[in-house]
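Biologist: I would like to go through this model term by term and hear what stands behind each label. Please set each value against its cut-off where there is one.

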Amino acid sequence: MPEHSGHGGGHGPVIPPWENFGKLYGELRAQLLSRHFAIGRYFRADHLSFSNYLGVVHRTGGTSDDTQNDLIHDCLWSNVLNGTGTNVYAPPDSIYRNAAGLLDSPFGTGQPNDQLFERWRVGDHWRVNPLMYSGQLMVCLAVEASLGIPGSLDILARLLSTTASLFKFPTAPYNGYILRWDAVTTDHWTVVPGQSVQGGPNNQQAADPAGKPAPAASGPVEDLEEIVPWRLGVCCDFFPFTDPSAPDGYLYSTPLDDPRYTAYLESTDFKSLAIDQQQSYYAARLVSIFQNRYYEPSQDELTGYLAGLSFVSAVVSDAAIRAEAASQAALVGGWMSANGYLLVRPNGGFVAQGAAGVGSSLEFPF
């Protein structure tokens with residue numbers, strides 16, 4: 001192959017020399033894994049996101065011109081609630097919808113370092129179907145491991161460690177009920193006023209899942225107190241629970257009779273409501289599903305996730321990783337088998353995102 005070749009008589013993309021493909025692959029791999037896998041808004045996530053909304057988190061309609069920091073805000077993300085509640089705010093006044101929107105903005109057309117900063121400033125990692133995409137990533141990493149690419153086993157081990165942490169229920173068969181995400185792997189937290197903390201700015205964007213300020217980062221700590229403008233409050237995707245036995249202090253299966261939850265309304269009852277009552281119910285129901293049930297798994301997710309685990313077991317030679325993949329598959333299989341291959345929640349009812357369909361066909365693979 002010529003050192004540089006194109007398409008259509010010299011027009012079109014230029015193909016680099018073959019020896020550069022390894023370098024280009026490594027750069028692309030690092031960009032994708034760091035932006036869409038390893039980093040969350042407030043915690044290290046090691047969990048896939050589908051798309052990233054750039055900017056900072058503000059209350060929608062707020063008057064502050066602070067475009068560098070999260071402001072005090074609540075739990076209602078405006079991309080679901082049509083502009084009310086909380087918004088991922090990117091300068092000058094909206095989310096960057098695409099690359100052109102970033103490049104055309106005052107921040108994007110400034111110094112190269114400004115643009116680099118904006119591309120990394122993620123306000124919300126949108127983790128739709130993360131288990132399904134995790135299965136795809138498992139396949140990629142398993143192939144890399146079989147080719148001897150350094151670091152691939154470490155990344156795969158981190159991914160499996162995160163998926164293992166999403167099993168929140170200790171008793172069979174619901175010890176095989178896996179979540180899409182938990183309090184650590186979501187970006188949806190309230191932000192509350194800060195407080196005086198020891199250790200300076202290292203504490204500014206860190207808190208444990210209970211909302212208490214985290215210890216300062218490792219390294220020298222200045223002997224001073226600093227007033228931090230905000231700290232994390234509570235996770236927005238789950239109801240907090242005071243029972244000390246609750247994982248992370250949150251309910252990971254929403255009780256359908258919880259007074260904080262807007263339950264399903266029979267069609268006849270819904271039609272008997274006045275128009276304004278129907279609209280109010282619909283809005284409240286949408287909030288309940290998005291905030292308190294959207295983390296529930298779906299059948300398409302489980303299919304992709306289990307396919308990834310199967311591929312890892314077939315291709316990867318590392319005994320510990322193969323054992324972990326087999327363990328997770330056995331947990332999910334036990335839960336599904338006990339419930340007729342329908343996705344049944346630990347405290348009753350079916351998952352909200354697709355409880356039936358392809359599941360029964362998984363009986364033979366299991």
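Biologist: What volume does the largest pocket have, and what lines it?

Modeller: The model is a predicted one. Its largest pocket has a volume of about 400 Å³. The lining has 18 residues, and L32, L33, L48, L137 and C140 lie nearest the centre.

Biologist: Which helices supply at least two residues of that lining?

Modeller: Helix 1, residues 21-38, and helix 5, residues 130-147, each do so. Helix 5 gives the largest share, with seven residues.

Biologist: How does the lining of the largest pocket divide by class?

Modeller: The residues divide into 12 nonpolar, four polar and two charged. Leu and Cys both count as nonpolar, so the five residues nearest the centre, L32, L33, L48, L137 and C140, belong to the nonpolar class.

Biologist: What makes the largest cavity a cavity and not a pocket?

Modeller: A 1.4 Å probe fits in a cavity but cannot get out, whereas a pocket is open. The search finds two cavities of 30 Å³ or more, and about 60 Å³ of space lies in the largest cavity.

Biologist: Which residues line the largest cavity, and of which classes are they?

Modeller: The lining consists of D124, H125, W126, R127, W181, T185, T186, D187, H188 and D237. By class there are two nonpolar, four polar and four charged residues. Asp and Arg count as charged, so D124, R127, D187 and D237 are in the charged class.

Biologist: How do you know that the length of helix 1 fits a helix?

Modeller: The 18 residues of helix 1 should span 26 Å at 1.5 Å a residue, and the end C-alpha atoms are 24 Å apart, so the two values agree. The buried residues of helix 1 are R29, L33, S34, R35, F37 and A38. L33 is also among the residues nearest the centre of the largest pocket.

Biologist: And what is the span of helix 9?

Modeller: Helix 9 covers residues 299-315, and its 17 residues reach 24 Å from the first C-alpha to the last, close to the 24 Å expected. Its buried residues are Q299, E301, L302, G304, Y305, L306, G308, L309 and V312. Their cover includes helix 5, helix 6 (152-165) and helix 10 (319-338).

Biologist: Why do numbers three or four apart matter when reading such a list?

Modeller: An α-helix has 3.6 residues a turn, so residues three or four places apart point the same way.

Biologist: Why is D46 called buried?

Modeller: The relative accessible area of D46 is 6%, and buried means under 20%, so D46 is buried. D46 lies in the loop between helix 1 and strand 3 (51-54).

Biologist: Why is N129 also counted as buried?

Modeller: N129 has 13% relative accessibility, which is under 20%, so the label holds. N129 sits in the loop between strand 6 (122-126) and helix 5.

Biologist: What is notable about phi in D46 and N129?

Modeller: Most residues other than glycine have a negative phi. D46 is not a glycine, yet its phi is positive, about 50°. Phi of N129 is positive too, near 50°.

Biologist: What makes the bond between A172 and P173 a cis peptide bond?

Modeller: Omega is about 0° for the bond that joins A172 and P173, and that bond is cis. Most peptide bonds are trans. P173 is found in the loop between helix 6 and strand 7 (189-193).

Biologist: Why is L71 called partly exposed?

Modeller: Partly exposed runs between 20% and 50%, and L71 has a relative accessible area of 22%, so L71 falls in that range. L71 is in the loop between strand 4 (56-59) and helix 2 (78-81). L71 and P229 are 158 residues apart in sequence, with their C-alpha atoms 8.4 Å apart in space.

Biologist: Why does G349 get the label partly exposed?

Modeller: G349 has a relative accessible area of 30%, which is neither under 20% nor over 50%, so G349 is partly exposed. G349 lies in the segment after helix 10. Leaving aside neighbours within four places in sequence, G349 is in contact with L343 and V344.

Note on methods
Residues numbered from 1 in each chain as written. Predicted model: local features only at pLDDT ≥ 70, side-chain atom pairs only at ≥ 80, totals over all residues. Heavy atoms only, no water. 1 Å grid on protein atoms, 1.4 Å probe; cavity = no way out; pocket = protein on both sides within 12 Å on 5 of 7 lines; lining within 4 Å. Points joined across faces, edges and corners; volume = space filled by probe spheres on them. Helix = DSSP H or I, 4+ residues; strand = E, 2+ residues; numbered from the N terminus. Expected span 1.5 Å × (residues − 1). Buried < 20%, exposed > 50% of the residue type's maximum accessible area, 1.4 Å probe, protein only. Contact = heavy atoms within 4.5 Å.
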